[in-house]
Amino acid sequence: HNNSYGNATEFVAAQTSDSPYSIVVSQNNYTSGKTITVQIIGPVFKGFLLQARQTGAGKTTPIGTFSNPPTDTKSIMCTTDNSAMTHANKNPKNNITLTWNP
């Protein structure tokens, strides 16, 4: 079992400590048509991938879409259009705020 992730240019060891990042949402429940802000808070980072999904066994379909990507980010198709937000480049990012639409 290899606890590393690698591509053609770099390898990163698996993290074994608690994450230094927090995902903070503007509200815990959603209503169709009312956007929710989602913040990634913590030390400087270069990359991320965030997607909302239902909880529970067998529920793997993404919920909602992301819009208005901040600088250095972009929404992508990950199963459905604009269902995920990710980094657009390797520029340092810190405490970003995303817009999620239920």
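Q: Two strands pair if DSSP finds at least two bridges between them; how do you know that strand 7 and strand 8 pair?
A: Strand 7 (73–78) and strand 8 (residues 80–87) are joined by five bridges, and the rule asks for at least two, so they count as a pair. The sense of this pairing is antiparallel. One of the bridges can be named: Thr73 has His87 in strand 8 as its partner.

Q: What kind of model is this, and how are its residues numbered?
A: The model is predicted, with local features needing pLDDT of at least 70 and side-chain atom pairs counting only at pLDDT 80 or more, while totals for chains, interfaces and linings use all residues. Numbering starts from 1 along each chain as its sequence is written, and side-chain values use heavy atoms, leaving out hydrogens and water.

Q: What makes a stretch a strand here, and how many strands are there?
A: A strand is a DSSP run of E with at least two residues, whereas a helix is a run of H or I with at least four, and both are numbered from the N terminus. By that rule the protein has nine strands and zero helices, and its pattern along the sequence reads β-β-β-β-β-β-β-β-β.

Q: Why is one side of strand 5 and of strand 7 left without a neighbour in the sheet?
A: These strands belong to an open, antiparallel sheet of three strands in the order 5-8-7. Strand 5 and strand 7 stand at its edges with a single partner strand each, so one side of each has no neighbour there. The average turn between neighbouring strands of this sheet is 40°, direction ignored, taken between axes fitted to C-alpha atoms (angles between N-to-C directions run from 0 to 180 degrees).

Q: Which strands stand at the edges of the four-stranded sheet?
A: The order of this open sheet is 3-4-9-6, with antiparallel pairing. Strand 3 and strand 6 (65–67) are at the edges because each has a single partner strand. Here the neighbouring strands are turned by 35° on average, direction ignored.

Q: How do you know that strand 4 pairs with strand 3 and with strand 9?
A: Strand 4 has four bridges to strand 3 and five to strand 9 (residues 96–101); both counts meet the required two, so both are pairs. Gln39 stands opposite Val24, and its bridge partner in strand 9 is Thr97. Val38 of strand 4 stands opposite Val25.

Q: Which residues form the covered face of strand 4?
A: Ile36, Val38 and Ile40 make up the covered face, and Thr37, Gln39 and Ile41 the uncovered one. Across the protein, 22% of the 102 residues count as buried, a label for under 20% relative accessible area (exposed is over 50%, partly exposed in between, with a 1.4 Å probe and protein chains only).

Q: What makes a space a pocket, and what lines the largest one?
A: On a 1 Å grid over the protein atoms alone, a pocket is an open set of points with protein on both sides within 12 Å along at least five of seven lines, and a lining residue has an atom within 4 Å of a point. The largest has a volume of about 280 Å³, which is the space filled by probe spheres set on the points. It is lined by 15 residues, of which Val25, Ile36, Val38, Ala52 and Trp100 are closest to the centre. Strand 3 (22–25), strand 4 (36–41) and strand 5 (49–51) each give two or more residues to this lining.

Key: 1 Å grid on protein atoms, 1.4 Å probe; cavity = no way out; pocket = protein on both sides within 12 Å on 5 of 7 lines; lining within 4 Å.
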